[in-house]
Protein chains: 4
Amino acid sequence: MLTLTTARPEARDLAVEDVEVRGHIIDSLTLPKVLDAICALGGAFRIKEIAIGQRRNDPSHALVEVSADDEAALAKILAQIADYGAMPTAAQDCRLEPVDITGAFPEGFYSTTNQRTEVRVAGRWLPVADQEMDCGIVVQPGRPSARCVPMNEARLGLQFVVGHAGVRVFPVERSRGTETFEFMGSAVSTEKPKGAAIRQIARALAEHRTRGGKRVVVAGPAVVHTGSGEFLCQLIRSGYVDLLLAGNALATHDIEQALLGTSLGVYLDRGSPAEAGHAHHLRAINRIRRAGGIAQAVRSGVLCSGIMYECVRHGVDFLLAGSIRDDGPLPEVVTDVLVAQDLMRQKLRGATFCLMLATTLHSIAVGNLLPAWVEVVSVDINPSTAVKLSDRGSFQTVALVTDVAPFLRALVEELAVVDSG
Amino acid sequence: MLTLTTARPEARDLAVEDVEVRGHIIDSLTLPKVLDAICALGGAFRIKEIAIGQRRNDPSHALVEVSADDEAALAKILAQIADYGAMPTAAQDCRLEPVDITGAFPEGFYSTTNQRTEVRVAGRWLPVADQEMDCGIVVQPGRPSARCVPMNEARLGLQFVVGHAGVRVFPVERSRGTETFEFMGSAVSTEKPKGAAIRQIARALAEHRTRGGKRVVVAGPAVVHTGSGEFLCQLIRSGYVDLLLAGNALATHDIEQALLGTSLGVYLDRGSPAEAGHAHHLRAINRIRRAGGIAQAVRSGVLCSGIMYECVRHGVDFLLAGSIRDDGPLPEVVTDVLVAQDLMRQKLRGATFCLMLATTLHSIAVGNLLPAWVEVVSVDINPSTAVKLSDRGSFQTVALVTDVAPFLRALVEELAVVDSG
Amino acid sequence: MLTLTTARPEARDLAVEDVEVRGHIIDSLTLPKVLDAICALGGAFRIKEIAIGQRRNDPSHALVEVSADDEAALAKILAQIADYGAMPTAAQDCRLEPVDITGAFPEGFYSTTNQRTEVRVAGRWLPVADQEMDCGIVVQPGRPSARCVPMNEARLGLQFVVGHAGVRVFPVERSRGTETFEFMGSAVSTEKPKGAAIRQIARALAEHRTRGGKRVVVAGPAVVHTGSGEFLCQLIRSGYVDLLLAGNALATHDIEQALLGTSLGVYLDRGSPAEAGHAHHLRAINRIRRAGGIAQAVRSGVLCSGIMYECVRHGVDFLLAGSIRDDGPLPEVVTDVLVAQDLMRQKLRGATFCLMLATTLHSIAVGNLLPAWVEVVSVDINPSTAVKLSDRGSFQTVALVTDVAPFLRALVEELAVVDSG
Amino acid sequence: MLTLTTARPEARDLAVEDVEVRGHIIDSLTLPKVLDAICALGGAFRIKEIAIGQRRNDPSHALVEVSADDEAALAKILAQIADYGAMPTAAQDCRLEPVDITGAFPEGFYSTTNQRTEVRVAGRWLPVADQEMDCGIVVQPGRPSARCVPMNEARLGLQFVVGHAGVRVFPVERSRGTETFEFMGSAVSTEKPKGAAIRQIARALAEHRTRGGKRVVVAGPAVVHTGSGEFLCQLIRSGYVDLLLAGNALATHDIEQALLGTSLGVYLDRGSPAEAGHAHHLRAINRIRRAGGIAQAVRSGVLCSGIMYECVRHGVDFLLAGSIRDDGPLPEVVTDVLVAQDLMRQKLRGATFCLMLATTLHSIAVGNLLPAWVEVVSVDINPSTAVKLSDRGSFQTVALVTDVAPFLRALVEELAVVDSG
């Protein structure tokens, strides 16, 4: 066990404190989290000592010097990393303040986690009883004891811990060797702000266009079903799409809407799923097969609008890959999956950005073919698409669990801002 | 069994045809579907005879006269209702056309269902072999036989049925007495166009405001988490909300965002779930408790923005009902659920329109209290909320399975159109 | 408007009552529900008069004679159909009973719906105020008025309606012409009892085997991932499977488990998704390709267990259909989707029962090919598979939203009971 | 930058190799993954040098000595950690083998990732072109070049890389500063083996019982709806439950089934959701309110079976916490949520194991109150419950995304094995 020295910027008049981290600090990710939090909050670190356990269950420890521009910034960092169990080595007693308003904590109260916690009172570390998250800690100084108390039980006379000084937390470590038990590492959440993400996606897409990167869209038929085909048309017309990868269904329903006009009318009248029991999509396919193909249908004036029309008109390359559930299919559909894979592979050469819209099969197929450095954004209202994509190795994917229609609408609006800006 | 006469408009020069429907025509919904399709396509009907089976398994039959403005309209109706098994009594042979382009059907081809089907050839009904949906029917007139053939197997020389004449379909009836077996009657789909729906909701909301109807919003914390709090603020400022029903979480996270300002900043920096392990929401609650309540915090200048602020400023009535997962709670929260229910009951008197946003608990609770004639719109990205609401008796609910943030954004935009229109 | 007579069984000493149904009784399904409820509860009906509106919005009415074995049975039927708005023509006053225990209703209380309701007091129909589901109705006889009161507000002295006599309900009708608004007709629920359903599926499967029906299993790779491959092997060994339809993934992961043995070990150690970043499945495919195919690998002793092994050993026909996301693929995989479709079509001839396990793509593809009279059971933990299958015309499908592993486990156990019984 | 020495076991005759890891080795988790993989595969490590970058974007590096029992074990470890970018410092050329069977790789082929890769040929590192996961690497030694080739394009004459020697991988690092962009860190999957997990849960539950730990069950009404109430009764009778936390709905539906007997019969007959439009649950509540409470109803013989009955009979403590959607409620329900929280807090003191069954509200509420060292297992078919629980700080939760009925059935069976073992 020895001392590790790292280079650090010239010493200014910084606020500095040494903290110690103990436990499985590398493989339980404690140390990465601590270092990350220090940087995220504008501080710097120097690892003064590090000792890593030899076996899985051997504890490790690290001594880290934390520095920040001033004491306030340092205090904020220390408060944050204290939750991960990083404690200042120069221990102080915890600071107490009395309740001044019944049913409320003093400002600056220490807010508990559900981890084992101790507070330092008169030089001694006391265990905190009744551990519970989102409480304050009451200390009875006379008969030294500490316990968690919820906000609504704060009453005049009680003394609560304020600040992080004199509080230490012992994180529960992930139990090794029981990992079949741990089915879920972390979270897929629908409760996230998406506006900022869509803005970033718009900027990324515009930047890839500016830089001449190759931009690919992979799309499922729900783009048409949800009425967002027109947004995709706008992306194509604005030159945001270099390559469209899809299947027979997307093209068929797009053409059905273009040719038979009334498809929305039919939906409105019947209020029943478009696919069930009717022949419109088959008539659309038949008409294209009679015309000899999509491009021919565009040239001969049979097909005058829609996603496939825009691709043909604007010279956007597309590939329709077959699947065993296809009706027809449209003449352009490549029915041999190995041939289709190989064509996808060739067309994807040089891709730099890939937007996957509401399709599991095509998203996973394309994800399998892309190198990890291609930026991939996947949009699907069903979280399972994102989960499967990630589970199958396309870990670089940024997944939005949201509805494809408003996503495309917002994307088009954000791109208009970018274009005019 | 006798003749049923209904009044009908004066006879113009209409196209008319008698059709017969057989089977469990009422309880398998065949007759309602037939009558509905006739009306939906602009036709009219007269039930000339109806005989309803006495017991569940007794078949019924009806003779229905269908009329339409012209033969083309009539043909369209007959084609549609043929899929439900309604057959013209004046039977004709089916009409055949040869394949003229390999791999395509003749235009006007009959498109099959997966139901048992017969075609009439030379006065005899032939069963159709290899029944499969989305095919054509090939008839070999010499050795009379008929079978389903998919589009890609259409080759020159084959004769396909065109039109619906001479084709009859025998719908499979729902098997009674095995209904534990039938877990799913119909469908919750995310693959629907939502733009039109949001426009209608905007119009309905505006109309209720114009008519002086009472408009209620029920909202969960995901409204804040997804960054759509500002849209709800706009609805409040524009006078679209008379009553807000929510819980401690919505108000807490709204106030957290208003008071601590950096909450979005924190999310951006940390990229981790907002709720986990941090104290911001608790500090927000504590500050409001110290101020004596939300209204006091607005008056004293502590709280200057957000949903709750707008409610106070614009005199919008609100009720925060407690739940066992609440931290704090905020002083306004009614912690006894019977008292809260009773207050909700009183405040909901006279409600005419209710918009439920991303909350299961509060939506079901409010749904329980509303009479069936109040218009209810429920928006949630998780289909299970809509399913539960419907399963618990609030059958009048119109449910959109979509993301709450783009929904509110689109709603605000549509309302701006309505307001300026 | 005239009288409709239907045949009915000889008159025994039955309890009989005439009820009237009004409104859109056919197309809002009121009449079917009433007739269905009468039968379901052991009664019989005779439609004495029926008048059906000419246009969508014209009301209809029917006069139905309800009969049951005794007065108790009749009362039960009348209570049930009253909720659908069917009211006895011989009107009585409602019956009242006083509260005898504070906070509880009298036994036999009338339980409200959320529909508009009236009660008959002293020969006059009074509207019920404060309409709310799951309440009782309090009548103040002196100043005749009626209102809904929740259970916890029942106090001594109040008079509550008991029974259904003298109560009438006016169902809200589905508003026609606004159906884009109505996204969800009914429900997909995970909150259903499945034990009985699995028992019925086991019996159906056994019966199809006894009768010599052709039994098809369609399976996705989650069958292997969830550890339920062995249950499918048992079904095959017990002769329950005539045909297996799957893709490259099911066969690959099955063979990976069989060949590399340690795959579960790997899962346990790593606790990470099996597919991500590792080569096992590719080595498994490679070994089979080197052997010349699955059958050859079985014959040469390379492959000694698993689903594919059991198929080869027991002569169970199988088809592996290709998709664009396939690695390898295994030599048996049919890579042209039209060829695969055609082979599926041929192999499915004569199918009578089809069990679809945890696959969307293959389930929809097979559903497209099956006639409506084939019994189809679909099992998937993701409700969207069932929704899509139903939306695409395979309406006969019985869908269980449940986990495939315990489903197969329970199915095997139920079949063991059937086999030994 | 200096050398770090850790203690290690006495030197046996081990296979040893030095590897180097570069990049953001701590905060991109590369080093933890490498160390973990070494241990997982039975090896040992010694960190000979480590240098950690000062700022977020400064690269770090580590020199790690890997040892294993023999060369075969070492090779396996090196192969595994090579995927994380850990490369032996003693570089060798890659090893090539020719294709011997068309369409297959040589045994022992190197299986690619989607990360940037280089191979060493004649002492020079060559970039690999056409990077794609799940391929082999072809090297053309004459004009030195390397590229990814999928299995089905392997043809005689091509030379493929075998083994991991001479291959190095450059992992893409998580891009810092764009984390709003990264909505999903990892995965919730339904495609996992659950049998082993249920066995472990059974053992854990039994062990907690043996050790005298306090075992808590939190349950939602779906336990009753899905027909698994009897399994929970068995757990209670077998002494596995010390405390039941639930709401009004679980108890109400349990009692409805117990009192009205026919509820399953009703479900079977009607095939409609149990809650919609009927009065059974209200009659059940009313009867218990008339009896004075659940315990009184048991004593007086009114309530003779079900979950609540078993609790009363076996002296199992329970708490029913109220919510705003409650009907009735049952007399035992604590309607003030702060009082309920406080009672839960008291009753949960000393809890060591908590099983949460099919409830979001109660699971999160209980999760909020438990310290992190209590073992928590959450079972719900809807992944969102697990996600929310984890998002709200109860990170120690082991979540099974599965159907509660077969879960409980399997748990009871596994416990029977444990009890008899």
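Contact means heavy atoms within 4.5 Å, and axes are lines fitted to C-alpha atoms, for helices over the stretch in contact, with angles running from 0 to 180 degrees between N-to-C directions. On these terms, helix H14 (residues 404-420) of chain C lies across strands E16, E17 and E18 of that chain and runs at about 135 degrees to E16(C). The model described here is predicted.

**The parallel sheet of chain C**

The sheet that carries H14(C) is open and has six strands in the order E15-E14-E13-E16-E17-E18 (chain C), with parallel pairing. Its edges are strand E15 (317-321) and strand E18 (398-401) of chain C, each of which pairs on one side only. Direction ignored, neighbouring strands of this sheet are turned by 15 degrees against each other on average.

Within the sheet, strand E13 (residues 214-219) and strand E14 (residues 243-247) of chain C run parallel and are joined by three bridges. C:Val216 has C:Leu243 in E14(C) as its bridge partner. Another helix, H3 (residues 195-210) of chain C, lies across E13, strand E16 (351-357), strand E17 (375-380) and E18 of chain C, at about 140 degrees to E16(C). The table sets out the two helices beside each other.

| Helix of chain C | Strands of chain C it lies across | Angle to E16(C) |
|---|---|---|
| H3 (residues 195-210) | E13, E16, E17 and E18 | about 140 degrees |
| H14 (residues 404-420) | E16, E17 and E18 | about 135 degrees |

**Chain A: overall make-up, sheet and core**

Chain A contains 14 helices and 18 strands. Of its 421 residues, 60% count as buried. Among contacts in chain A with a separation of 6 or more, 68% come from residues 24 or more positions apart.

An open sheet of six strands is found in chain A, ordered E15-E14-E13-E16-E17-E18 and paired in parallel. Strand E15 (317-321) and strand E18 (398-401) of chain A form the edges, each pairing on one side only. The average turn between neighbouring strands is 15 degrees, direction ignored. Strand E14 (residues 243-247) of chain A pairs with E15(A) in the parallel sense over five bridges, and A:Gly247 has A:Ala321 in E15(A) as its bridge partner. Helix H6 (residues 248-260) of chain A packs on the sheet and touches strand E13 (214-219), E14 and E15 of chain A, its direction making about 95 degrees with that of E14(A).

The largest nonpolar core has 67 residues, of which A:Ile307, A:Leu357, A:Phe407 and A:Leu411 touch the most other members. Leaving aside neighbours within four places in sequence, A:Leu357 is in contact with A:Val217, A:Val218, A:Ala219, A:Gly220, A:Val223, A:Val379, A:Val404, A:Phe407 and A:Leu408. In soluble globular proteins, nonpolar side chains tend to be buried together.

**Aromatic pairs and charges over rings**

Over all chains, eight aromatic pairs are counted. One of them joins B:Phe105 and B:Phe160, a tilted pair at 4.8 Å centre to centre with 55 degrees between the planes. B:Phe105 lies in the loop between strand E6 (95-98) and strand E7 (116-121) of chain B, and B:Phe160 lies in strand E11 (residues 159-162) of chain B, so the pair ties together parts that are 55 residues apart in sequence. B:Phe105 is buried, with a relative accessible area of 0%, and B:Phe160 is also buried, at 0% relative accessibility.

In chain D, the ring centres of D:Phe105 and D:Phe160 are 4.8 Å apart and the planes stand at 55 degrees, so this pair is tilted. D:Phe105 and D:Phe160 are both buried. In chain A, one aromatic cluster is formed by A:Phe105, A:Phe109 and A:Phe160.

Charged side chains also meet aromatic faces. B:Arg168 lies over the face of B:Trp125, at 4.1 Å from the ring centre, and the charged end of C:Arg116 sits over the ring of C:Phe170, 4.2 Å from its centre.

**Two buried sites in chain D**

Helix H1 (residues 30-40) of chain D is mostly covered, with nine of its eleven residues buried. Among them are D:Leu31, D:Val34, D:Leu35 and D:Ile38, together with D:Asp36. The buried residues of H1(D) pack against strand E2 (15-23), strand E3 (44-51), strand E4 (60-68) and helix H2 (71-82) of chain D. D:Gly42, which follows H1(D), has a positive phi near 85 degrees.

D:Lys347 belongs to helix H11 (residues 337-348) of chain D. Buried means under 20% relative accessible area, so D:Lys347, at 19%, counts as buried. Beyond its neighbours within four places in sequence, D:Lys347 is in contact with D:Lys214, D:Leu243, D:Asp317, D:Phe318 and D:Leu319.

Notes:
Residues numbered from 1 in each chain as written. Chains lettered and ligands numbered in written order. Predicted model: local features only at pLDDT ≥ 70, side-chain atom pairs only at ≥ 80, totals over all residues. Heavy atoms only, no water. Phe/Tyr/Trp six-rings, centres within 6.5 Å; stacked < 30°, edge-to-face > 60°. Helix = DSSP H or I, 4+ residues; strand = E, 2+ residues; numbered from the N terminus. Buried < 20%, exposed > 50% of the residue type's maximum accessible area, 1.4 Å probe, protein only. Lys NZ or Arg CZ within 6 Å of the ring centre and 35° of its normal. Core = buried A, V, L, I, M, F, W, Y, C linked by side-chain atoms within 4.5 Å. Pairing = 2+ DSSP bridges.
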